[in-house]
Amino acid sequence: MSNTLYTIKSFFRFYLRAITRFQVHAPHAYEITSALLEDKRRYYAFRDVEAVRRKMLDSPVVVEQEDFGVGNDGGAAMVRKVPVRQLARIASSSPRQGRMLFRLAQWLKPARVLELGTGVGIGTLYLAAAARNARIITLEGSAACAHVAHTNLEILGLDKNVQIRTGPFSHTLGPALRELGKVDLVFIDGHHQQKAVLEYMEQCRPFLHAGSLVVLDNLYWSAGMTSAWEQLLQEPSVRLALDVFELGVLSFNPDIRVSQQYRLVPVRWKPWKQWGL
Ligand SMILES: C[S@@+](CC[C@H](N)C(=O)[O-])C[C@H]1O[C@@H](n2cnc3c(N)ncnc32)[C@H](O)[C@@H]1O
C-alpha cells in the first residue's frame with residue numbers, strides 16, 4: 001500500500017475513534033488539548049512564517065540534499081537534487097502543524113528546545129517565534145537545507161537563539177543533549193523509520209524531566225511509524241499521550257498516576273460531542 005493510501009485509511013480509522021476536549025477530564029491533558037486544538041487566536045508570526053514559505057514556493061533554486069533518513073543513521077547519505085519549493089511544500093510542517101507547534105510552545109514556555117530534522121526551517125520558525133527566550137538546537141543532516149533554514153531564520157530575525165547543527169543525528173544528537181542538559185520540548189521530525197525513531201526517543205529519555213513534552217510527527221505516514229507510536233504507548237514511563245493525527249505529544253510526568261491516552265479532534269470536527277451525543 002502506498003504511503004498516501006495508508007495515511008488516508010488511517011485518518012478514517014482515527015476520526016471514527018477520536019474524541020474532543022469535552023471528553024477529556026484530566027486537567028493537564030485538557031489544558032494541552034485546548035492549546036493545541038481550540039486556541040483560535042491568530043498571531044503575526046503565522047503570517048510571517050507563511051510569507052517565508054510562499055517565498056520558497058516561488059523559488060527556482062535547486063539544492064543538493066544529503067538525506068540520512070533513508071537507511072541506517074550513520075551510513076552514507078543519499079545525495080539528490082531537490083527544488084527548494086518541493087522542500088517547502090512536501091517536506092515541511094504544514095501551516096496547521098506549525099500553528100500547533102507554536103501554540104504548544106507558547107503554552108509550555110520551554111527554556112530548552114531540541115528539534116530533530118530542521119528541513120528548511122518551517123517548524124523551527126514556528127517554535128522560535130513562540131519561544132523567543134528559549135535556547136533552541138535543531139539538527140539537520142543536509143548542509144544545503146540547514147543553509148536555507150538559517151537564511152529563513154535571519155529573515156524573521158529569529159536566528160539569535162537558534163543553533164543549527166549539521167550532520168547525521170547519530171553524530172549530533174548526543175552532543176546536543178549533553179549541551180542542553182535537560183530538554184523541555186523535543187520535536188522529532190526526521191528519519192521517519194520505526195527503529196530510528198525509537199532509538200532517538202531512547203537517547204532523549206534521560207534528558208527529559210517531569211514537565212518535558214516530546215512531539216512526534218508523521219505518526220500515520222507509514223505502518224512502521226504507527227508501530228513506533230504504538231510501541232511508545234505501551235511504555236510504562238509514558239504517562240500521557242495525545243494523538244491529534246498530524247502530531248503526537250508525549251509526557252513522562254510521573255505525577256500523572258494513571259496513564260492517559262487520547263485521540264483528539266477539534267470540537268468543530270465532531271460538534272455533537274459537546275452535547276454528549
Ligand atoms: C520532514 S523534514 C523536517 C521538517 C521540519 N521539521 C519542519 O517542521 O518543517 C526532515 C529532515 O530531517 C533530515 N533527516 C532525516 N534523517 C536524518 C538523519 N538521520 N540525520 C540527520 N538529518 C536527518 C532530512 O534531511 C530532512 O531535512
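**Entry 1: H2 against H5**

I began with helix H2 (residues 27-38) and helix H5 (residues 95-108), whose axes come within 8 Å and cross at roughly 140°. I noted the handedness of the crossing of H2 and H5 as right-handed. I then looked up which residues make the contact, and found Ile32, Ala35 and Leu36 on the H2 side, with Met100, Arg103, Leu104 and Trp107 on the H5 side. Sorted by class, the contact of H2 with H5 has six nonpolar residues, no polar ones and one charged one. I keep in mind throughout that this is a predicted model.

**Entry 2: threonine 33**

I stayed on helix H2, where threonine 33 has its place. Is threonine 33 buried or exposed? I count threonine 33 as buried because 24 other C-beta atoms lie within 10 Å, where 20 or more are required. Setting aside the neighbours within four places in sequence, I find threonine 33 in contact with Arg21, Val24, Leu242 and Leu264. I also looked up its separation from threonine 226, which is 193 residues away in sequence and 21 Å away in space, C-alpha to C-alpha.

**Entry 3: H1**

I next checked helix H1 (residues 3-17), whose 15 residues should span 21 Å at 1.5 Å a residue, and the end C-alpha atoms are indeed 21 Å apart, so the two values agree. As for cover, I wrote down that H1 is hardly covered, since the count of buried residues among its 15 residues is zero.

**Entry 4: H6, H7 and the ligand**

I turned to H6, which is mostly covered, with nine of its nine residues buried. The buried residues of H6 include Ile122, Gly123, Tyr126 and Ala130. I found H6 packed with helix H7 (residues 143-155) at an angle of about 30°, their axes 10 Å apart, and the crossing of H6 and H7 is right-handed. In this pair, Thr124, Leu125 and Ala128 in H6 meet Ala149, Asn152 and Leu153 in H7, and the residues of the contact divide into four nonpolar, two polar and no charged.

I asked myself which residues are the closest to the ligand. Of the 21 residues that surround the ligand, the closest are Gly69, Gly119, Gly123, Gly141 and Gly190. By class, the shell around the ligand holds seven nonpolar, ten polar and four charged residues. Helix H6 (122-130) and strand E4 (135-140) each supply at least two residues of this shell.

**Entry 5: H9 against H10**

I looked up helix H9 (residues 194-204) and helix H10 (residues 223-234), whose axes come within 8 Å and cross at roughly 35°, with H9 passing H10 in a right-handed crossing. In the contact, Gln194, Val197, Leu198 and Met201 in H9 meet Gly224, Met225, Ser227, Ala228, Gln231 and Leu232 in H10. By class, the contact of H9 with H10 has six nonpolar, four polar and no charged residues.

**Entry 6: leucine 250**

I closed with leucine 250, which has its place in strand E9 (residues 247-251). I count leucine 250 as buried because 26 other C-beta atoms lie within 10 Å. Leaving aside the neighbours within four places in sequence, leucine 250 is in contact with Leu213, Val214, Leu232, Val238 and Ala241; Leu232 had already come up on the H10 side of the contact with H9. The C-alpha atoms of leucine 250 and threonine 166 are separated by 26 Å, with their places 84 residues apart along the chain as the sequence separation.

How values were computed. Residues are numbered from 1 along each chain as its sequence is written. This is a predicted model: local features need pLDDT of at least 70, side-chain atom pairs count only at pLDDT 80 or more; totals for chains, interfaces and linings use all residues. A residue is near a molecule or strand if its C-beta atom, placed from the backbone, lies within 6 Å of it. Helices (H or I, at least four residues) and strands (E, at least two) are DSSP runs, numbered from the N terminus. Ala, Val, Leu, Ile, Met, Phe, Trp, Tyr, Cys and Pro count as nonpolar, Asp, Glu, Lys and Arg as charged, and the others, Gly among them, as polar. The expected span of a helix is 1.5 Å times one less than its number of residues. A residue is buried if 20 or more other C-beta atoms lie within 10 Å of its own, exposed if 12 or fewer, and partly exposed in between; C-beta atoms are placed from the backbone. Axes are lines fitted to C-alpha atoms, for helices over the stretch in contact, and angles run from 0 to 180 degrees between N-to-C directions. A crossing is left-handed if the near helix is turned anticlockwise from the far one by less than a right angle, and right-handed if clockwise. Two residues are in contact if their C-beta atoms, placed from the backbone, lie within 7 Å.
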